[in-house]
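Visitor: Before we look at how the helices and strands are arranged, could you take me through the reasoning behind each label?
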Amino acid sequence: MTRVGVIDSEEGLIQGFLAPLAADAPGALGLADDCALLAPLAGQEFVLKTDAVAAGVHFLSDDAPADIAWKALAVNVSDLVAKGAVPVGYLMSLSFPEAPTRRWMQEFADGLCEAQRRFGMALLGGDTDRREGPLSITIAAIGRVARGRMVRRATAKPGDVVLVSGTLGDAALGLLVHEDRKRARSAWKLDQAGLDFLERRYLRPEPRLTLIGPLLAHASAAMDLSDGLLKDLDRMCRASGVGARLMEGRIPYSRPARQVIERLEPWRWIGLSGGDDYEVVAAVPPRKVERFVAAAGRAGVTVTPIGEIVAEGGVSVLGDDGRPLTLGQLGYDHFARSRSGPARRR
């Protein structure tokens with residue numbers, strides 16, 4: 001029996017729902033060709049990033065289509081931001097376990113349209129298919145940056161100050177709100193506004209687009225935070241051949257997150273190991289820190305010094321008493337033998 005409102009052809013899906021998303025990009029050729037055409041501006045280079053999201057790993061299968069679309073694009077744009085790259089466009093591959101309904105596809109397209117407008121980019125092309133397994137969306141995002149200016153993760157230097165944007169741990173807590181709001185309200189004693197804030201931080205990450213300029217002007221190295229501060233900072237340190245020393249008391253938390261960690265001891269380190277933040281961690285030379293903080297503030301982003309880059313020794317965290325903390329899991333790992341549950345995103 002055919003489901004009511006189900007899309008019955010790939011052509012209908014592309015032309016009916018995806019082609020309008022490419023209307024503002026001449027190089028997309030109306031999605032009527034096999035490839036897109038794109039040329040860099042004089043003196044600039046393209047920065048390329050691809051990331052996928054899948055039901056049960058990065059989002060819940062019954063999440064709103066518009067939220068799924070937003071997140072699929074936002075997690076890629078967050079990487080571009082950390083490189084100092086301005087978003088240009090993206091390619092997208094959609095893999096469905098079964099043909100979507102017209103209503104689902106329209107809501108998904110509406111979410112992409114909203115995200116595109118916020119991030120300043122357009123769909124350039126891609127692919128659609130059906131296969132066994134969960135719904136998955138793979139984005140290949142394209143950004144632009146002045147030649148030779150991309151901010152790398154492998155260029156942090158001993159003595160640099162480690163700073164993070166925004167607040168940490170919100171999205172990891174937001175996932176728990178999203179899964180069981182009643183339980184979270186009862187356990188955490190948060191008001192409606194606090195629960196809504198945390199849940200939105202999980203469903204609708206906001207790449208720090210206005211931080212691009214300050215990063216280009218002041219950062220030695222940077223990367224976005226997706227799997228947790230400790231795990232991602234360790235990646236940056238390993239790539240740079242350095243270590244890092246963080247101060248637990250300097251980790252920035254939102255009011256709702258701080259209320260949770262002060263009430264419940266198990267959540268004490270959520271800002272260190274919780275994933276899905278999509279904030280930026282940057283290494284900045286000491287002489288530039290004040291200017292970086294000021295420039296970020298003028299751009300509407302709070303950045304907080306939380307430690308320093310050291311010559312070696314991995315990433316350590318010092319407690320309020322100055323002693324190193326003994327930590328368990330550093331962050332999310334797709335290939336770990338055990339996982340803590342669905343949608344514990346990288």
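Guide: One definition is needed at the start: axes are lines fitted to C-alpha atoms, for helices over the stretch in contact, and angles run from 0 to 180 degrees between N-to-C directions. In this predicted model, the axes of helix α5 (residues 181–188) and helix α6 (residues 192–203) come within 11 Å and cross at roughly 125°.

Visitor: Why is α5 called oblique to α6?
Guide: Angles of 65 to 115 degrees count as roughly perpendicular and those over 145 as roughly antiparallel; the crossing at roughly 125° falls in neither class, and α5 is therefore oblique to α6. The crossing of α5 with α6 is right-handed.

Visitor: Which residues make the contact between α5 and α6, and what makes some of them count as charged?
Guide: From α5 the contact draws on R181, A184, R185 and W188, and from α6 on Q192, L195, D196, L198 and E199. Asp, Glu, Lys and Arg count as charged, and on that basis the contact of α5 with α6 holds 4 nonpolar, 1 polar and 4 charged residues.

Visitor: Why are α1 and α3 also called oblique to each other?
Guide: Helix α1 (residues 10–18) and helix α3 (residues 102–119) pack with their axes 10 Å apart, at an angle of about 40°. Angles under 35 degrees would count as roughly parallel, and 65 to 115 as roughly perpendicular; about 40° lies in neither range, so α1 and α3 are oblique. Their crossing is right-handed, and the contact is made by L13, F17 and L18 of α1 together with R102, M105, Q106 and A109 of α3. These residues divide into 5 nonpolar, 1 polar and 1 charged.

Visitor: What makes β1 and β3 edge strands?
Guide: The open sheet of 4 strands has the order β1-β4-β2-β3, with mixed pairing. Because β1 (44–54) and β3 (122–130) each have a single partner strand, one side of each is left without a neighbour in the sheet. From one strand to the next, the twist averages 15°.

Visitor: How do you know that β1 and β4 pair?
Guide: Pairing requires at least two bridges between the strands; 11 bridges join β1 to β4 (residues 136–146), so the two strands pair, and they run antiparallel. One of the bridge partnerships is that of A54 with S136 in β4.

Visitor: Where does the model have pLDDT under 50?
Guide: Over residues 337–346 pLDDT stays under 50, whereas the mean for the chain is 91, with 93% of its residues at 70 or more.

Methods
Residues are numbered from 1 along each chain as its sequence is written. This is a predicted model: local features need pLDDT of at least 70, side-chain atom pairs count only at pLDDT 80 or more; totals for chains, interfaces and linings use all residues. Side-chain values use heavy atoms; hydrogens and water are left out. pLDDT is the predictor's confidence in each residue, from 0 to 100. Contact means heavy atoms within 4.5 Å. A crossing is left-handed if the near helix is turned anticlockwise from the far one by less than a right angle, and right-handed if clockwise.
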